[in-house]
Amino acid sequence: MFSTVHSGALSGVDAVPVCVEVKSDMPGEFRFLIVGLPDAAVKESSDRVTAALANCRLPVPQTKTVVNLAPGDIRKEGPMYDLPIALALLAAQGVIPRERLEGFVIAGELGLNGDVRAVRGGVSLALLALREKRAVLLPRKSAEEAALVEGVKVFPVNSLRECADFLLGVAKIEPLSPEKSAFRRRRGGVPALDFSEVKGQKQVRRAVEVAVAGGHNVLMIGSPGSGKSMIAKRIPTILPEPSLEEFLEILGIHSAAGITIADESCAIRRPFRSPHHTISDVGLIGGGSIPGPGEISLAHNGVLFLDEFPEFKRSALEVMRQPLEDGEVSISRAAGKITIPSRFMLVAAMNPCPCGYLGDKHHKCTCSPVQIQRYRARISGPLLDRIDIHVEAPTLSIDELRTAAPGETSAAMRERIVAARERQRERFLADDSADGASAKTRCNARMSSRQIRRWCALDDAQGMILQRAMERLGLSARAYDRILKVSRTIADLAGTEKIETEHLLEAINYRSLDRRTPYF
């Protein structure tokens, strides 16, 4: 009257093994005890499990039953243990052969009628099963996520009765094929937004194209109504499609965070997150009593757009400095320490002053020098230093808005960006095969110091140009590296192997807002 079922617990975005042990012939009157550091949702599993067993006409234990979730020092959260507990109870009573449960990692929430509902962390559980050389048994919606992990069999179930019949050999369930996963489907039709709707702002459009092509951070500065937010909201239309490896990382974080992706939006694509400036530090960075991902991790392999940049809490912005540099965020709490990937492209937009009209040729600025200085001070120098591209978005006159021709389409811009990303991918793959370095570099913005020396070499004349620019603008060593990275991206867009002088000058121009203009 003892059985064991293998399951998992989420630690950040990773799954760790959990063993569900059931002993159901304990002496004494009928009681249902769950031990092993469960939270309130796990403790309530006893009622859901017994009701589901009864409604599916499966036997319910009539003696004292103890459920142990091992190891006991890991906090167990949520209703994901309902299905493993129910199956372990059936195995303990001899209804299901215990050896049939050995080959699976199982998770799922039960409804009172026996239906199985989706749980968080489908991808993480599949990766756990892959490490332990087991198959995985999950609710259908979670199974569609997990099926994208190659090398592991994923069996979808809809009800406790179906699951029991499958383990008994009465019913047959085919494992999901990665090619048939709902997340492989493409969304048809033309995107609702397009860069052709943006009139003027040629320099900003060019800066955004360079930023997306190389994964660089970009800051747009301009008066209200100059088109900063309009341009930012069209960035998803020019983002290159993520590789399957990148999408699994994205999906793993979103699934662990409990974000349910609807059928109509399950195409493979990069995330675009745009939190409001009133967001808390924990909401932006991640954390909580049980550490979990924040907006910077939900934007992993995609874009984080921060509109009204100086209006965000300074403490939240300053904590972003380390993730911007390292591509991951480490969160320490009493419940444990987790490290979550956060390699995102930061797109920020701000006004030049509190009233928004400093430097505007159509409006007069009403801010005092002290007000302007306080406003600028909300963004620290070290944070600004980590933003590769700074670009001014001038206000267009009514006549320019009326007569300006439609801009270039998103499709044309995306074609050049995809070609530039492909050059980068081939370069870094060759780099990896040459010396065995890590293949984690996927775009120019993430180049290491060694890769910068190898792929961003300048001749003597170009070196002197960059040196004079550094001295005049008072830029840091970090800015030096970022200018080289942006130069490499501009050269990739142009299709040249060598960085030309014009590419270097354009990259330097994107740093000129640091010191010389009225803005910074």
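Which residue in β17 is the bridge partner of L304? In this predicted model, the bridge partner of L304 is L346 in β17, and this pair of residues is a convenient place from which to start reading the structure.

The two strands concerned are β14, which covers residues 303-306, and β17, which covers residues 345-350, and they pair in the parallel sense over four bridges. Strands of a sheet pair through backbone hydrogen bonds, and this can happen in either a parallel or an antiparallel way. Strands β14 and β17 belong to an open sheet of five strands, whose order is β11-β14-β17-β10-β18 and whose pairing is parallel. At the edges of this sheet are β11 (272-273) and β18 (389-393), each of which pairs on one side only. Helix α7, made of residues 202-214, lies across β10 (218-222), β17 and β18, and it runs at about 155° to β18.

Within strand β17 we can look at one residue, V347, and ask whether V347 counts as buried or exposed. Residues count as buried when their relative accessible area is under 20%, and V347 is therefore buried, because its relative accessibility is 0%. Leaving aside residues up to four places away in sequence, V347 touches V218, M220, A232, I235, V303, L304, F305 and L306. Among these contacts is L304, the residue whose bridge partner in β17 is L346.

From V347 we can turn to another part of the chain by way of L87, which is 260 residues from V347 in sequence and 48 Å from V347 in space, C-alpha to C-alpha. L87 is one of the buried residues of helix α3. This helix, residues 82-92, is mostly covered, with 11 of its 11 residues buried; including L87, they run from D82, L83 and P84 through to A91 and A92. Just after α3, G94 takes a positive phi of about 80°.

Helix α4 (residues 122-132) also has buried residues, namely G122, V123, S124, L125, A126, L128 and A129. The buried residues of α4 pack against several elements, which are the strands β1 (2-11), β2 (14-26), β5 (104-106) and β8 (135-139), together with the helices α5 (140-146) and α9 (244-256). After α4 comes K133, whose phi is positive, near 60°.

Two of the strands that α4 packs against, β1 and β2, are themselves paired, since 10 bridges join them and they run antiparallel. In this pairing, the bridge partner of S11 is D14 in β2. The hairpin of β1 and β2 has two residues between the strands, and in this hairpin G12 takes a positive phi near 75°. Strand β2 is also joined by six bridges to strand β4 (residues 64-70), and β2 and β4 run antiparallel. Here V20 stands opposite L69 in β4.

The last feature to consider is the empty space inside the model. The structure holds three cavities of 30 Å³ or more, and about 220 Å³ of space lies in the largest cavity. Its lining consists of 16 residues, of which R270, N301, R343, R421 and C443 lie nearest the centre of the cavity. What kinds of residue make up the lining of the largest cavity? They divide into six nonpolar, three polar and seven charged residues.

Terms used
Residues numbered from 1 in each chain as written. Predicted model: local features only at pLDDT ≥ 70, side-chain atom pairs only at ≥ 80, totals over all residues. Heavy atoms only, no water. Pairing = 2+ DSSP bridges. Contact = heavy atoms within 4.5 Å. Axes fitted to C-alpha atoms, helices over the stretch in contact; angles between N-to-C directions. Buried < 20%, exposed > 50% of the residue type's maximum accessible area, 1.4 Å probe, protein only. 1 Å grid on protein atoms, 1.4 Å probe; cavity = no way out; pocket = protein on both sides within 12 Å on 5 of 7 lines; lining within 4 Å. Points joined across faces, edges and corners; volume = space filled by probe spheres on them. Nonpolar A, V, L, I, M, F, W, Y, C, P; charged D, E, K, R; others polar.
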